[in-house]
Amino acid sequence: MLLLACSGEPTEQVAPPKTGPEPISEAIVSASWPVKVAAPGALDALLANPGWQSYYERNYSGALTGFGASGPATARLHAEISAMYRQAALLQARSTIETYRPEQLREGDPAEVSYVLAVAWVVVNETEKAKELLGKSGGSPSKALAAADAAWAKRLAQPDARWWPISNDPAQFPLAEVTPGVMPGIADAPHYTVKERPLDGGSTPLDVGLSDATALLQAAMWHEAAAAAALAGDVSVADALLGAWRLPGEPLNSVASAELKELPLEALFMSPWLTTADLQLVVGLNAGKPATEWLQQLSGTSAYAAVISRCVVEQKVDPNCLQDQAIALSQQVEAAMGKAFGSAAADHRLFAQFVLAGTLRAGAEVAESFGDERGAAELRLIARDRSVDAAADPTFFISIAAWDAGQRNPVRAQELFHGYVDKLPGLQAARVSLDALNLRVSRDAGPAIPVH
Amino acid sequence: MHSNPHRLLSVLGLAAAALTTGASLAFFEESLPSTMNPLFAQSMVDNRVHELVMDRIYFNDPINNELVSNIVQEWSLLDSGKSIRLVLRKGVKWQDGEVLGADDICFTVKAMLDPGTPSPIAEKQRAIFAGCTVEKPDVAVVQFTKVFHNPLNRLSVHVLPEHAFGGKTAIQPDHEFSLRPVGTGPMKGSSGRRGTTFEKYKNVHHDAGIDTLSLQEGNDPLVQVKTLINNGVQGIITVPPGNRAEVSAQDDLALKSYDLRSWWFVAVNQEKPYLKDKRVRQALDLIVDRTDLRQLSIGVKPGEQNSPCEFISGPFVQSSPFYNRTVAVNARADKAKAFELLNAAGLKQEGGRWHFKNEPITMRIGMKAPLDIEAPDLLSQVGNQLSAAGFDRQEFKITTDDWNLKVLTGQASEYDLVIGKWSFGLVEDVNPLFHSRKDGRGAFNVFNFTNPQIDTLLAQYEVARTDTQAQDAYHKLHALLAQELPYLFLWKLDTKSAWRTEVRSNTITPYYYWTVFDKWRTGA
């Protein structure tokens, strides 16, 4: 499928939105990226850069080549890639924790799982648990793993140690110098091969492949730095876009106050966030803003805040109400696109899908902020089904997989992650850990037979 | 200036459908259920309907995967974990008004342990359960064969009513229960010739938001989608990939993911003299052009991104940890190599047709009939490819009944090839498909394939003590099956349902589908 500008001849009459929930302010809708790019000539101007076609196809290397070494599109892409590596690291960490935490250990598990478990605890900001496990694998026949264990032990022994500064330690998967517009290679997984512990009864211990979340963390940091470098050190785009995807305990940096600079069109185009205010809604929730007040504060500028507010009942987001609102909003935006262009066009429907998915995703963040984790998960699953075609966002899907892994639900996680494992170098590392969880959970389940 | 030749979606397609009124739903299934007794479930249709009528002791919540029970109030481990004491929730009734008791839990366990119950799933459960005793009318103690990690996970069995079977634990598939089941689930089911109906049964633990549910057998997928658009039904369980765009284009419809692991195959009857030599099976594997088949049947163009249909080279989906990613798939045909193999195996091509011992070979190809909905014309396309390579062929659609009675029982010797699909959930135990038929093993070994090396690997999987041992056994199995080819492995096809948007809170449980049906509602 090609992404083509709709600046050709008008196609069909603009249809009014169906009767449904009350429309939101036209001013908010007019400020959204779908309506902006629907203006005659606007999409042509964007698509003059071939990077967008690659981006539409989720060909990230091709998009980087197209966007070049600088500019907001390059910064946005590096930030997105950084977010994807973060969610993959989270998926890997949660898989590892659910496989190897003490109550889930099994006979035969290699002694070295203590090291990968330690790194997993680092990723989820449980540094003390990590420290307890580090330094125990120095005697491993895997010299690489022993060195990595020592490197993390040393790193966490520093005062206020965290994972986020890029490490140049040779045992911690260092990458080449940060260069915007480039996709660095990442070490192939599994990173280490170790032996099972010998079993009573004397069967030959088999080799076990382990992967280290450090590699994905390093990649995440590298691309974040590249995003800033693409804008000559301006971190506003990277911080804003990563604000929705930071790992537990990680600082929000320049957007900690939830004050976002107005983002350029290139940072929002084909994203779930219609305006900077929509992203601000989510970033603010991550920064700890109380949801009710935050929704109210942004209802005049954020389409999502406006419609989600209508569906909040007793500190919960009603999923049925929000689906209705999301559909109505997407129709309103689509109609506004038609009005801006002068007629309806197929690309308008394509872009309206971002609205539907984005509303539901923002609703999930609000539910989470209310402490309704199950309600948030339900909304994310609905958003998953509504994220079709170009609105199918790999980072979002991997984040659901990461959540599922934390719930010991590997089947859905595998299905979600499998489609994206080859999208970026090194993501295979997360699959190694997810496979291990899948094996463990499935072997704990009751028997089942094939059915036709 | 670009014009836009790609009209991807109709603009604001409006369905003139009436809104659903009342709490009734109708939906299209792949076929009618073959049994309402969960011990004898053979198809995904069976598995799904059992979830409406029966309760499993424990199940996983489809949203957060929490292990929960509707019928157990509390549990505790006994005998250092080798037994589990279950206190039942009070007031739970069977759909005939009888009270659910500990005797029903123990009856269920004992029925599975009874060797007179000819159920493949019961056979598997015998490795898990050792017995059960009724401590009090509402307290059952279930004994395991050993101490298991996370023992509650082993209790995902449907509970059967002791009184419906007169206490006889040797349960037969033709018992009346298979047609008129009595469960404790949210809906009371009744099978008919043209469909299955379900009526709400209010209970202390179930209060479904839908009063009646009607299962209808789906046929032409286009008709199914049109009927859905016109609100003649409110849902379709399986929407073929070729019809998904039309569903997506409708504001009143929504596609929903249905997570299960399904893969398609062509089983090869190696009991036929000309198929005994594995070089002939390997040749067939090279004659089948999966890329063309997928395009012609599923509608996936070569190189298409995010295809719902992914080729496989062994008996697992590619996202599975058991899939051996070092075994390449044959995406394209290689007739030259195939013909070399056929000649080496002693087949001769005369007049463009392949002969064995001077007799022309005619392939009798069967396919489970309902699969034609999901993969239209697949049977004909496979036949066409074989014909183009020089094999005469005859094609047959096999009814679900014949599939159950003949194909699955290894009595379909009249066919050379049969096309089918297997589905799995969390557990991907393929031993019943490839183990030699003996001692209760190989229960679904379609053409009675037998290979001692394969049996050894399957045994290694079964007795594996570590995850790595299990994975290693199945990786080796995958590699060996790709050589021996009792099946030509085709593809994994993802599954999507479609529901009208006025159907609310319709969470689909991976594999089981209807697990949280209580919450489903209708209304604009």
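The legends below describe views of chain A in a predicted model.

**Figure 1. Overall dimensions of chain A.** The C-alpha trace of chain A extends over about 75 × 50 × 45 Å along its principal axes. For 452 residues, a compact globule would be expected to have a radius of gyration near 22 Å, and the 23 Å of chain A agrees with this.

**Figure 2. Secondary structure and interior of chain A.** Chain A contains 21 helices and four strands. Of its 452 residues, 59% are buried. Among contacts in chain A with a separation of 6 or more, 68% join residues that are 24 or more positions apart.

**Figure 3. Packing of helices H5 and H6 in chain A.** Helix H5 of chain A comprises residues 60–67, and helix H6 of chain A comprises residues 72–100. The two helices pack at an angle of about 155°, and their axes lie 9 Å apart. Because angles over 145 degrees count as roughly antiparallel, H5(A) is roughly antiparallel to H6(A). The crossing of H5(A) past H6(A) is left-handed.

**Figure 4. Residues at the contact of H5(A) with H6(A).** On the side of H5(A), the contact is formed by A:Tyr60, A:Ala63, A:Leu64 and A:Phe67. H6(A) contributes A:Ala73, A:Thr74, A:Leu77 and A:Ile81. By character, the residues of this contact comprise seven nonpolar, one polar and no charged. Since Thr is not listed among the nonpolar or charged residue types, the polar residue of the contact is A:Thr74.

Conventions. Residues are numbered from 1 along each chain as its sequence is written. Chains are lettered from A and ligands numbered from 1 in the order in which they are written. This is a predicted model: local features need pLDDT of at least 70, side-chain atom pairs count only at pLDDT 80 or more; totals for chains, interfaces and linings use all residues. Axes are lines fitted to C-alpha atoms, for helices over the stretch in contact, and angles run from 0 to 180 degrees between N-to-C directions. Angles under 35 degrees count as roughly parallel, over 145 as roughly antiparallel, 65 to 115 as roughly perpendicular and the rest as oblique. A crossing is left-handed if the near helix is turned anticlockwise from the far one by less than a right angle, and right-handed if clockwise. Two residues are in contact if their C-beta atoms, placed from the backbone, lie within 7 Å. The radius of gyration is taken over C-alpha atoms; the globule rule is 2.2 Å times the number of residues to the power 0.38. A residue is buried if 20 or more other C-beta atoms lie within 10 Å of its own, exposed if 12 or fewer, and partly exposed in between; C-beta atoms are placed from the backbone.
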